[in-house]
Amino acid sequence: MRAVHKRYLREFFPAMLAYVILLFLSVGWLKTLEGNLARTLVTLLPVLPIAFVIRAMVRVIRDQDEFERRIDLESIAIAGGIGAFGFFTYGMLLNARVIAAPPAEAVAIWVLPVLLGCFGVVKCAVRLYYRAR
Amino acid sequence: MNNRLRELRTALGWSQADLGEKLDVSRQTVNAVETGKYDPSLPLAFKIAKLFELPIESIFTPGE
């Protein structure tokens with residue numbers, strides 16, 4: 001494994017671990033916490049490590065070699081398109097009341113996981129595409 | 001674009017990983033360039049030419 005990817009893992013896994021810990025802490029704490037400002041701060045605690053995850057992703061994309069970067073950027077573009085298309089389609093169906101509307105927060109909270117999930121799947125496909133071409 | 005990268009590399013007895021290390025790119029990238037799946041940027045092509053001490057045009061030639 002090249003140094004740039006080792007650094008990525010060193011940055012990614014602690015940030016994800018911090019996210020999980022802070023998420024449990026935040027959910028538990030919110031049950032007893034009063035006051036809007038305090039609840040806002042505690043709610044946003046797990047978001048901070050996610051910013052570090054995104055930072056790690058940006059750093060690895062910038063510092064890896066040009067072919068790896070091409071694969072990542074193509075994957076992000078395609079995954080972004082698929083994710084946006086999916087949410088747009090879902091929004092149209094919700095708007096037409098064809099399907100039952102979930103709470104807004106349930107939709108918003110899924111945007112990042114859907115994009116990252118799409119990125120992971122698309123990246124595998126793009127790598128296979130370049131291997132088979 | 002066609003290239004003689006594999007021929008030049010094997011003539012020196014280097015693996016794709018060895019060449020990748022010398023060029024500071026991954027083995028996957030060396031393989032993609034060698035098999036013509038990926039055309040390198042001009043800076044990488046110059047780096048390759050410098051490493052093999054050959055002019056770029058003797059390594060990379062236009063494809064059909």
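Two residues count as being in contact here if their C-beta atoms, placed from the backbone, lie within 7 Å. With that in hand, let's walk through this predicted model, starting with one end of chain A.

**Helices H1 and H2**

In H1(A), the residues A:Ser26, A:Trp29 and A:Leu30 meet A:Arg39, A:Val42 and A:Thr43 of H2(A). Sorted by class, this contact has three nonpolar, two polar and one charged residues. H1(A) covers residues 3–30 and H2(A) covers residues 36–44. Their axes cross at roughly 155 degrees, and since angles over 145 degrees count as roughly antiparallel, the two helices are therefore roughly antiparallel to each other. The crossing of H1(A) past H2(A) is left-handed.

**Helices H4 and H6**

Further along the chain, H4(A) and H6(A) also pack against each other, with axes that come within 8 Å and cross at roughly 130 degrees. That angle makes H4(A) oblique to H6(A). Here the crossing is right-handed.

Which residues in H4(A) meet H6(A)? Among them are A:Ile71, A:Ile78, A:Gly83 and A:Gly86. On the H6(A) side, the list includes A:Leu115, A:Phe119, A:Val126 and A:Tyr130. The residues of this contact divide into twelve nonpolar, four polar and four charged.

Here are the two pairs side by side:

| Helix pair | Residues | Axes come within | Crossing angle |
|---|---|---|---|
| H1(A) and H2(A) | 3–30 and 36–44 | 8 Å | roughly 155 degrees |
| H4(A) and H6(A) | 66–95 and 111–132 | 8 Å | roughly 130 degrees |

**Chain A as a whole**

Stepping back, how many helices and strands does chain A have? There are six helices and zero strands, so to speak an α-α-α-α-α-α run from the N terminus on. The domain assignment splits the chain into domain 1 (1–64) and domain 2 (65–133). The C-alpha centres of these two domains lie 21 Å apart.

As for overall dimensions, the C-alpha atoms of chain A fill a box of roughly 55 × 40 × 15 Å along the principal axes. The radius of gyration of chain A is 18 Å, while a compact globule of 133 residues would have one near 14 Å.

**Where chain A touches chain B**

Chain A isn't alone: seven of its residues are in contact with nine residues of chain B. H4(A) turns up again here, giving the most to the chain A side, with three residues. That side divides into two nonpolar, no polar and five charged residues.

Key: Residues are numbered from 1 along each chain as its sequence is written. Chains are lettered from A and ligands numbered from 1 in the order in which they are written. This is a predicted model: local features need pLDDT of at least 70, side-chain atom pairs count only at pLDDT 80 or more; totals for chains, interfaces and linings use all residues. Domain bounds come from an automatic or database domain assignment. Axes are lines fitted to C-alpha atoms, for helices over the stretch in contact, and angles run from 0 to 180 degrees between N-to-C directions. Helices (H or I, at least four residues) and strands (E, at least two) are DSSP runs, numbered from the N terminus. Angles under 35 degrees count as roughly parallel, over 145 as roughly antiparallel, 65 to 115 as roughly perpendicular and the rest as oblique. A crossing is left-handed if the near helix is turned anticlockwise from the far one by less than a right angle, and right-handed if clockwise. Ala, Val, Leu, Ile, Met, Phe, Trp, Tyr, Cys and Pro count as nonpolar, Asp, Glu, Lys and Arg as charged, and the others, Gly among them, as polar. The radius of gyration is taken over C-alpha atoms; the globule rule is 2.2 Å times the number of residues to the power 0.38.
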